[in-house]
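I keep these entries as a record of what I looked up, one topic at a time. The sequence and the structure come first, and my notes follow.

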There are 2 protein chains.
Amino acid sequence: MTKLESSLGKTDLASWRKAIETRLSHHLHPTGLAKTLPCQESLDRLWQAMAHGVLGGGKRARGLLVMASAQAVGHQPLSEGCLDVACALECIHAFSLVHDDMPCMDNDALRRGKPTVHVAFDEATALLVGDALQTLAFELVTDARGLDDSTKVQILRVLSLATGARGMAGGQAIDIHRVAQAMQQPELEEMHSLKTGALILAAAESGALLGLGFQAAESPRYASIRSFAMDLGLAFQVLDDLLDVSASTQVLGKTAGKDAQAEKPTFVKLLGIDQTQALANRLHLSAFAHIQALDEKADALRDLAHALTHRQH
Amino acid sequence: MTKLESSLGKTDLASWRKAIETRLSHHLHPTGLAKTLPCQESLDRLWQAMAHGVLGGGKRARGLLVMASAQAVGHQPLSEGCLDVACALECIHAFSLVHDDMPCMDNDALRRGKPTVHVAFDEATALLVGDALQTLAFELVTDARGLDDSTKVQILRVLSLATGARGMAGGQAIDIHRVAQAMQQPELEEMHSLKTGALILAAAESGALLGLGFQAAESPRYASIRSFAMDLGLAFQVLDDLLDVSASTQVLGKTAGKDAQAEKPTFVKLLGIDQTQALANRLHLSAFAHIQALDEKADALRDLAHALTHRQH
């Protein structure tokens, strides 16, 4: 057992995941609608569809990263404010999945082992669910418990840049525009750094901002956590490509072999399985190296990175 | 000429509209992408589609309302910060139109006299354009010039509540769920107060928050402006229903007679043309009454309300 491995496993990621789930359930019950409105039934249906898109599944990688990153800078990961920010990241991720699964995008019927929102409800509802989940994410940060306004604005900036045309939406635009076209490694890496990496980076930044606030810009810990998250984000995607060809639909909870069939460019197609696995390993080690100098408060980051890069789905 | 009418027309709404347009153009050129990225072409295409959805048309009612409302509380309407917030409201509105026009919603090919985004580009791009425009709205408020963090957070709260499931998205969910079903007036009013009214109210609130900040909650002027905006929002929608049956497609810049054909519940169907016109007039007068006690700084609000309730499209 290496020194690294012996230090791993102390973080109770399962209980953190449960805390995120509980807080998400809380936010997805529209307590603001205490009185019964004339069109309550239609509104309830929208909230049910939103809950379908968010609750009951998912690795919660982004929410957990907010918490681990907060802990690494001395902020209590189970504080209400931290959980609210974790929920915001999960809402952005869920919104992107709901829209991604729609017929005009990937046209997928299965997600997290359940029918996708447009299948369980209808297409128009899926469109609105994604829209409303994006809004909810910004609302959650705006209302997050115990955060000062300056920290909220910093997190909102990080989150909006990661979500929009300079981030995730930009990555998806590359994806739909370059389907069935060969991509070289720099192009593939750019697409993934926007499509997946930007939000993973934003999760790490948001968590660190909870503890560091306006001091983040000059903090070496903030810089280390950012570098760690950039490598982790790419490793996460590289592993996704490997799992798409190696794991079953049942284990993945989404359609396996989909990217290969859809003629999407992937690392496996570009580099082959062995080289892709080697790339994943290199990124994994590089991610760890960036936070090597951090104290034991960063162990949750190490545990999470280990769990995410050794996952089977 | 009544006293009301003699005081009208002093605000140069055309130049305000031009200022919004110029600022929107500025924000829709991705200056953040100074270097050329490997997938620049795909990213440029997304920004072009976003610009198509936002620029070159529209009454800019929501942006103008931000400015008029700011002026009513003594804030300079042409300040960069005020224009940024006006642009944010217009981005939210444009995102809702782009998604509304998609085949799974209203399936419309014409908007503001141009092909809709999914026609000019494609469906997947229209989905991403709407998503990215919503994000951009929150980004613009987060980065708005000259606003303190507390004011930004207040405006972001108002904007997120108006946009999401408790506001616009909720209204649209009612719309798609209740198509071809008879509605009574309370239901129709609830649908529109969420679908259209919430964002118009948010525009008025945002403008007033620019000048009043944390004092807004206790300000009688803020309460007056809110009441004014609620009546104006409903008047705006009632007039929309009238124009749908009376104006031509060419004048509207969108397909006329659409709501009637789609078997959507409208005020005209519920009340008939004469009673609908009478309702519009009552709401118009009621809106003016709410701001009667405000000084001449509120004249821009009066001018804007007059222009919006006397529009031909």
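**Entry 1: the asparagine in the loop**

I began with A:Asn107, which I found in the loop between helix H5 (80–100) and strand S1 (110–111) of chain A. I note at the outset that this is a predicted model. What drew me to the residue is the backbone: A:Asn107 has a positive phi of about 50 degrees although it is not a glycine. Most residues other than glycine have a negative phi. I then asked whether A:Asn107 is buried, exposed or partly exposed. With 14 other C-beta atoms within 10 Å, A:Asn107 is partly exposed, because the buried class starts at 20 and the exposed class ends at 12.

I looked up the counterpart in the other chain and found B:Asn107 in the loop between helix H5 (80–100) and strand S1 (110–111) of chain B. Its phi, too, is positive and near 50 degrees in a residue other than glycine, and B:Asn107 counts as partly exposed because it has 13 C-beta neighbours inside 10 Å.

**Entry 2: how the two copies are related**

Next I superposed the chains: chain A can be laid on chain B with an RMSD of 0.0 Å by a turn of 180 degrees and a shift of 0.0 Å along the axis. The two copies are thus related as by a two-fold rotation axis. Which residue of chain A comes closest to that rotation axis? I found A:Asp149, whose C-alpha is at 2.8 Å. The same surface serves both copies, since 100% of the contact residues of chain A recur in chain B.

**Entry 3: the contact between the chains**

I then turned to the residues of the contact, which takes 53 from chain A and 53 from chain B. On the side of chain A that touches chain B, at least two residues each are supplied by helix H3 (40–54), H7, helix H8 (149–163), helix H9 (168–177) and helix H10 (185–212) of chain A. H7(A) gives the most to this side, with 13 residues. By class, I recorded 27 nonpolar, 14 polar and 12 charged residues on the side of chain A that touches chain B.

Within this contact I looked at one pair of helices more closely. Helix H7 (residues 123–142) of chain A and helix H9 (residues 168–177) of chain B pack at an angle of about 170 degrees, their axes being 10 Å apart. That makes H7(A) roughly antiparallel to H9(B), because angles over 145 degrees count as such. From H7(A), the contact is made by A:Ala124, A:Thr125, A:Leu128, A:Asp131, A:Ala132 and A:Thr135, and from H9(B) by B:Ala169, B:Gln172, B:Ala173 and B:Ile176. I counted the classes for this contact of H7(A) with H9(B) as 6 nonpolar, 3 polar and 1 charged residues. The spacing recalls a general rule: an α-helix has 3.6 residues a turn, so residues three or four places apart point the same way.

**Entry 4: helix packing inside chain B**

Inside chain B, I looked up H11(B) and H14(B), which pack at an angle of about 150 degrees with their axes 8 Å apart. That makes H11(B) roughly antiparallel to H14(B), and H11(B) passes H14(B) in a left-handed crossing. Among the residues that meet here are B:Phe228, B:Leu232, B:Leu239 and B:Val245 in H11(B), and B:Phe267, B:Ile273, B:Leu283 and B:His290 in H14(B). The residues of the contact of H11(B) with H14(B) divide into 15 nonpolar, 7 polar and 2 charged.

I went on to helix H15 (residues 299–309) of chain B, whose buried residues are B:Ala300, B:Leu301, B:Arg302, B:Leu304, B:Ala305 and B:Leu308. What do the buried residues of H15(B) pack against? I found helix H2 (13–27), helix H4 (61–72), helix H11 (220–246) and helix H14 (267–290) of chain B.

**Entry 5: two single residues of chain B**

I looked for B:Gly9 and found its place in the loop between helix H1 (3–6) and H2 of chain B. B:Gly9 counts as partly exposed, with 13 C-beta neighbours inside 10 Å. Its C-alpha atom is separated by 8.5 Å from that of B:Asp299, although the two residues are 290 residues apart along the chain.

Last, I looked up B:Phe95, which has its place in helix H5 of chain B and is buried, with 26 other C-beta atoms within 10 Å. Leaving aside its neighbours within four places in sequence, B:Phe95 is in contact with B:Gly130, B:Leu133 and B:Gln134.

Note on methods
Residues numbered from 1 in each chain as written. Chains lettered and ligands numbered in written order. Predicted model: local features only at pLDDT ≥ 70, side-chain atom pairs only at ≥ 80, totals over all residues. Helix = DSSP H or I, 4+ residues; strand = E, 2+ residues; numbered from the N terminus. Contact = placed C-beta atoms within 7 Å. Axes fitted to C-alpha atoms, helices over the stretch in contact; angles between N-to-C directions. Parallel < 35°, antiparallel > 145°, perpendicular 65-115°, else oblique. Nonpolar A, V, L, I, M, F, W, Y, C, P; charged D, E, K, R; others polar. Least-squares fit on C-alpha atoms with pLDDT ≥ 70 in both. Left-handed = near helix turned anticlockwise from the far one by under 90°.
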